[in-house]
Amino acid sequence: MKLIQTGLVVFLLCFTMSSYADNGMVTKASAYSVAETLDRFSSIIKKKGIIQFARINHAQGAKKVGLSLRPLELIIFGKPQMGSPLMNINPEIAIDLPLKAIAWQDKDGKVWLAYNSPAYIAKRHSISAQHPVIKKMTGALNKFSDYATKAAH
């Protein structure tokens with residue numbers, strides 16, 4: 001009986017941990033500062049004809065009200081040619097579009113870049129992850145985020 005209880009606990013822990021890990025975020029360590037990571041990300045998306053709608057420096061905002069926050073910035077970006085067909089399928093996807101990417105510095109000084117997985121967004125809105133636009137977004141974001149985070153050799 002004890003063995004069955006132990007097995008059940010291990011199973012539940014694994015299930016809980018895997019569910020927690022699948023939060024829809026793609027996160028990559030960056031070789032650059034927060035600002036430089038997002039500068040690099042911004043430059044590559046602009047080069048590819050993607051619109052940057054906004055860039056928000058949360059640490060700067062916190063400082064303006066007398067609070068401290070480690071470096072943390074967000075950009076909002078998109079391309080209507082990509083998002084509009086998805087919104088025609090399910091207008092609710094507009095809550096997740098345009099896309100966003102964040103870069104932040106953790107308590108140990110490590111910088112990270114993260115964005116929502118297009119497949120996760122698609123699933124959330126009952127659109128196939130195999131939809132050509134979702135597949136194209138996934139590939140592009142992977143390339144853009146690699147460019148933004150990986151040091152040149």
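Two strands are said to pair if DSSP finds at least two bridges between them, and this idea is needed throughout the exercises below, which concern a predicted model.

**Exercise 1. Work out in what order the strands of the sheet lie, and which strands form its edges.**

Step 1. Begin with strand S1, residues 25–30, which is joined to strand S5, residues 111–116, by 6 bridges, the two running antiparallel. Within this pair, Lys 28 stands opposite Leu 113 of S5.

Step 2. Continue from S5 to strand S4, residues 99–105, where 5 bridges join the two strands, again in the antiparallel sense. Here Trp 104 has Trp 112 in S5 as its bridge partner.

Step 3. From S4, move on to strand S3, residues 72–78, which pairs with S4 in the antiparallel sense over 6 bridges; in this pair Leu 74 stands opposite Ile 102 of S4.

Step 4. Put the pairs together, and the 5 strands give an open sheet in the order S1-S5-S4-S3-S2 with antiparallel pairing. The edge strands are S1 and S2 (51–57), since each of them pairs on one side only. On average, neighbouring strands of this sheet are turned by 20° against each other, with direction ignored.

**Exercise 2. Describe how S4 and S5 are connected, and find which residue in the turn has a positive phi.**

Step 1. S4 and S5 form a hairpin, and 5 residues lie between the two strands.

Step 2. Look through the turn for the backbone angle in question: Gly 109 has a positive phi of about 90°.

**Exercise 3. Decide whether helices H2 and H6 are parallel or oblique to each other, and describe their contact.**

Step 1. Place helix H2, residues 34–47, with respect to the sheet: this helix lies across S1, S2, S3, S4 and S5, and runs at about 10° to S3.

Step 2. Compare H2 with helix H6, residues 132–149: their axes come within 8 Å and cross at roughly 140°. An angle counts as roughly antiparallel if it is over 145 degrees, and H2 and H6 are therefore oblique to each other. The crossing in which H2 passes H6 is right-handed.

Step 3. List the residues that meet. From H2 these are Thr 37, Arg 40, Phe 41, Ser 43, Ile 44 and Ile 45, while H6 contributes Leu 141, Phe 144, Ser 145, Tyr 147, Ala 148 and Thr 149. Sorted by class, the contact of H2 with H6 has 7 nonpolar, 4 polar and 1 charged residues.

Methods. Residues are numbered from 1 along each chain as its sequence is written. This is a predicted model: local features need pLDDT of at least 70, side-chain atom pairs count only at pLDDT 80 or more; totals for chains, interfaces and linings use all residues. Side-chain values use heavy atoms; hydrogens and water are left out. Helices (H or I, at least four residues) and strands (E, at least two) are DSSP runs, numbered from the N terminus. Axes are lines fitted to C-alpha atoms, for helices over the stretch in contact, and angles run from 0 to 180 degrees between N-to-C directions. Contact means heavy atoms within 4.5 Å. Angles under 35 degrees count as roughly parallel, over 145 as roughly antiparallel, 65 to 115 as roughly perpendicular and the rest as oblique. A crossing is left-handed if the near helix is turned anticlockwise from the far one by less than a right angle, and right-handed if clockwise. Ala, Val, Leu, Ile, Met, Phe, Trp, Tyr, Cys and Pro count as nonpolar, Asp, Glu, Lys and Arg as charged, and the others, Gly among them, as polar.
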